[in-house]
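Student: I would like to take a close look at the aromatic rings in this model. Could you walk me through how they pair up and where they sit?

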Amino acid sequence: MLLNRLKFVVGTTAGAILLTLAGCTATPEESTPYEVTNASIRTPVAGRTTTAAYFEFTNNSSQLVKIIGVSSTAAERIEMHTVVKVDEQLRMRPLTSIEVAAGETVEFASGGNHLMLFGVQLDDVPTIVQIELDNGEVVETPFQPTQFN
């Protein structure tokens, strides 16, 4: 009888622990609130150390977030830029931040928002880039090297 009672207590306690742990698992939104896709850095033209990078940033969270900075050990400096038309000419302009609404994706692409990397040193392997958000979070992601087209 004591053995049966001990089995019951141990089984009940183990079941309660498993149910508690099951309630603590992360939902997809909690585990990946931000997603970076199609991340690439153009290989600089021979003799140059300035290049551009492109990616898509998806905000899977329920809150608006701003990208406020980008950095990497592979570049002395990285700036966010956009392209605007001024007097019938396209001009690059620096951006201090970019808003990404909840559930939305912002594209960084040639001819629009993009990254400019200065003093860049690339290898033939992905370059880790840190994307800094206004809520204090930093999203690290690999950017693939691509040839200039």
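Tutor: Before we begin, a residue is called buried when its relative accessible area is under 20%. Please also keep in mind that this is a predicted model. A pair of aromatic rings is described by the distance of the centres and the angle of the planes, and the structure holds three such aromatic pairs. In one of them, the ring centres of Tyr34 and Phe57 are 5.8 Å apart and the planes meet at 25°, so this pair counts as stacked. Because Tyr34 belongs to strand β1 while Phe57 belongs to strand β2 (residues 50-59), the pair ties together parts that are 23 residues apart in sequence. Tyr34 and Phe57 are both buried.

Another stacked pair is formed by Phe55 and Phe108, with 4.2 Å from centre to centre and 10° between the planes. Here, too, distant parts of the chain are linked, since Phe55 lies in strand β2 and Phe108 in strand β7 (residues 105-108), 53 residues apart. Phe55 has a relative accessibility of 1% and therefore counts as buried, and Phe108, at 2%, is likewise counted as buried. Ring pairs also bring in Phe143, so that Phe55, Phe108 and Phe143 are linked into a cluster.

Phe143 appears again when we turn to Ser40, a residue of strand β1 (residues 34-42): leaving aside neighbours within four places in sequence, the contacts of Ser40 include Phe143, Tyr54 and Gln144. Ser40 is itself buried, because its relative accessible area is 14%.

Methods:
Residues are numbered from 1 along each chain as its sequence is written. This is a predicted model: local features need pLDDT of at least 70, side-chain atom pairs count only at pLDDT 80 or more; totals for chains, interfaces and linings use all residues. Side-chain values use heavy atoms; hydrogens and water are left out. Helices (H or I, at least four residues) and strands (E, at least two) are DSSP runs, numbered from the N terminus. Buried means under 20% relative accessible area, exposed over 50%, partly exposed in between (1.4 Å probe, protein chains only). Contact means heavy atoms within 4.5 Å. Rings of Phe, Tyr and Trp (its six-membered ring) pair if their centres lie within 6.5 Å; planes under 30 degrees apart count as stacked, over 60 as edge-to-face and the rest as tilted.
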